[in-house]
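Grab the model and work through these exercises with it open. Each one sets a task and then walks through a solution.

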Amino acid sequence: MKRIVLTGGGTAGHVTPNIALIPELKREGYEIFYIGSHDGIEKKLIEEYDIPYYGISSGKLRRYFDLKNFTDPFRVVKGLFDAKKILRKLKPDVVFSKGGFVSVPVVMAAKSCHVPAIIHESDMTPGLANKLCIPSAYKVCCNFPETVSYLPEGKAVLTGSPIRRELFDGNRLNGLDFCHFSINKPVILIIGGSLGSVAINNAVRSILPKLLKKYQIIHLCGKGHLDPSLENTEGYAQFEYIKKELSDLMDAADIVISRAGANAICELLALKKPAILVPLPAASSRGDQILNAQSFEKQGYSYLLKEEDMNGESLEAAIDYVFRNKTDYIEAMSKSPMNDAIGIIVDLINEAANSKKA
């Protein structure tokens with residue numbers, strides 16, 4: 001049996017693509033192991049998949065002043081020794097990394113143990129962790145055509161992001177029934193990220209009476225952001241967070257309003273959902289969501305509405321525009337070369353594993 005080590009952590013976005021690969025890797029005959037931090041979110045997410053989990057020391061490399069910058073490099077070095085010890089014990093054929101700082105010592109250890117490592121970069125430009133990993137990588141998977149120019153020649157492969165298969169199993173009627181909606185009126189799904197978006201929430205609610213004349217609204221507004229005054233409003237369903245029913249709500253949606261995190265927009269692409277993307281402003285991030293949204297707009301997959309330009313009026317105009325032109329967006333997404341990310345990535349994993357055996 002072939003062996004693979006998956007790694008990545010720090011946020012759910014560095015774990016869920018790995019989880020999406022697990023069923024296909026099992027079908028390909030891989031014995032799967034996971035290396036993450038001792039107490040990171042990745043440990044909790046992986047536990048339910050009955051995959052052996054190994055924790056290592058992990059430190060974050062920050063671009064800003066923090067007293068931990070003086071101690072975390074030692075944690076990273078310890079993590080490198082931890083990872084080497086685990087890899088020598090497991091003797092995997094290949095490592096796949098979805099990023100995050102816990103992955104840095106694992107990918108570096110893989111190179112020193114002569115194990116090919118494939119890494120995945122979600123955003124347009126590589127983050128610091130992946131920049132450190134790229135020299136040790138066999139191949140670098142990416143989501144955007146523009147990313148290829150930032151990567152070493154011969155290493156970059158445009159794959160898209162692995163999407164959980166269960167997202168494709170949604171049932172529109174179940175989604176409408178869950179929200180007590182009619183089948184005769186279009187649906188807008190609003191996703192503000194795992195914590196919600198105050199800016200998006202406020203803009204939507206400022207024009208809610210107007211929107212409800214034409215649309216039904218599913219609003220995933222984030223923890224602590226429910227508006228009690230809007231409970232039992234006909235055609236409006238608000239939730240802090242949805243997990244089990246998300247695939248049904250996705251299938252029920254005609255268009256989506258979303259932040260522009262790489263994994264989120266790749267899911268919208270895979271599901272062929274026309275979207276209005278409202279990226280986090282540069283002041284609140286390293287600007288990666290803006291670049292992601294610009295790329296998707298350029299490729300005809302979505303509509304970009306910057307947060308600083310968003311108000312009730314501009315959001316309503318964007319919604320009406322995207323709804324009128326949704327067929328064009330769906331057609332563009334149908335032509336995307338990234339509609340089988342799992343298949344492409346598993347082929348690369350097999351290639352890497354075979355190169356080690358050779």
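**Exercise 1.** Find out how many bridges join E5 to strand E6, and work out what lies between the two in the chain.

*Solution.* Keep in mind that this is a predicted model.
- Step one: look at residues 139-142, which make up E6; four bridges join E5 to this strand, and the two run parallel.
- Step two: pick one bridge to anchor the view. Ile 118 has Lys 139 as its bridge partner in E6.
- Step three: follow the chain. E5, helix H5 (residues 128-133) and E6 make up a β-α-β unit, and that unit is right-handed.

**Exercise 2.** Now turn to the E4 side: which residue of E5 is the bridge partner of Phe 96?

*Solution.*
- Start with strand E4 (residues 94-97), which runs parallel to E5 and is joined to it by three bridges.
- Phe 96 has its bridge partner in E5, and that partner is Ile 118.
- The way over from E4 to E5 goes through helix H4 (residues 103-112), in a β-α-β crossover that is right-handed.
- Recall that Ile 118 is also the bridge partner of Lys 139 in E6.

**Exercise 3.** Are the residues of strand E5 buried or exposed? Check the two faces one by one.

*Solution.*
- The cut-off for buried is under 20% relative accessible area.
- Run along residues 117-121: five of the five residues of E5 are buried, so to speak a mostly covered strand.
- Then split them by face. Ala 117, Ile 119 and Glu 121 sit on one side, Ile 118 and His 120 on the other, and both faces are covered.

**Exercise 4.** Place E5 in its whole sheet: what is the strand order, and which strands are at the edges?

*Solution.*
- Seven strands form an open sheet with parallel pairing, and the order reads E3-E2-E1-E4-E5-E6-E7.
- At the edges you find E3 and strand E7 (156-158), each of which pairs on one side only.
- From one strand to the next, the twist averages 25°.
- For the E7 end, check the pairing with E6: three bridges join these parallel strands. Cys 141 stands opposite Val 157 in E7.

**Exercise 5.** Do the same for the sheet that holds E11: in what order do its strands come?

*Solution.*
- The order is E10-E9-E8-E11-E12-E13, six strands in an open sheet with parallel pairing.
- Strand E10 (236-239) and strand E13 (302-304) each have a single partner strand, so one side of each has no neighbour in the sheet.
- Ignoring direction, neighbouring strands here are turned against each other by 15° on average.
- Zoom in on strand E11 (residues 255-258) and strand E12 (residues 275-277): they run parallel and three bridges join them. Ile 257 has Ile 276 as its bridge partner in E12.

**Exercise 6.** How many aromatic pairs does a search of the whole structure find? Take two stacked ones and see what they link.

*Solution.*
- The search turns up six aromatic pairs.
- One of them is Tyr 34 with Tyr 53, stacked at 5.9 Å centre to centre with 10° between the planes. Tyr 34 is in strand E2 (residues 30-37) and Tyr 53 in strand E3 (residues 53-56), so this pair ties together parts 19 residues apart in sequence. Tyr 34 counts as buried because its relative accessibility is 0%.
- Phe 178 and Phe 239 are also stacked, at 5.5 Å centre to centre and 25° between the planes. They link distant parts of the chain, 61 residues apart: Phe 178 belongs to helix H6 (residues 172-179) and Phe 239 to strand E10.
- Compare their exposure: Phe 178 is partly exposed at 32% relative accessible area, while Phe 239 counts as buried at 17% relative accessibility.
- Ring pairs also link Phe 144, Phe 296 and Tyr 301 into a cluster.

**Exercise 7.** Check whether the length of helix H12 (residues 312-324) agrees with what its residue count predicts, then look at its N-terminal end.

*Solution.*
- H12 has 13 residues; at 1.5 Å a residue they should span 18 Å. The end C-alpha atoms are 18 Å apart, so the two agree.
- At the N-terminal end, Asn 311 caps H12, with a side-chain oxygen 3.0 Å from the backbone nitrogen of Glu 313.
- Buried residues of H12 include Leu 315, Ala 318, Ile 319 and Val 322.

Notes
Residues are numbered from 1 along each chain as its sequence is written. This is a predicted model: local features need pLDDT of at least 70, side-chain atom pairs count only at pLDDT 80 or more; totals for chains, interfaces and linings use all residues. Side-chain values use heavy atoms; hydrogens and water are left out. Buried means under 20% relative accessible area, exposed over 50%, partly exposed in between (1.4 Å probe, protein chains only). Two strands pair if DSSP finds at least two bridges between them. A crossover is right-handed if, with the strands pointing away from the viewer, the path from the first strand over the helix to the second runs clockwise. Axes are lines fitted to C-alpha atoms, for helices over the stretch in contact, and angles run from 0 to 180 degrees between N-to-C directions. The expected span of a helix is 1.5 Å times one less than its number of residues. A polar contact is a pair of N or O atoms within 3.5 Å; within protein, one must be able to donate a hydrogen and the other to accept it, and residues adjacent in sequence count only if both atoms are side-chain atoms. Rings of Phe, Tyr and Trp (its six-membered ring) pair if their centres lie within 6.5 Å; planes under 30 degrees apart count as stacked, over 60 as edge-to-face and the rest as tilted.
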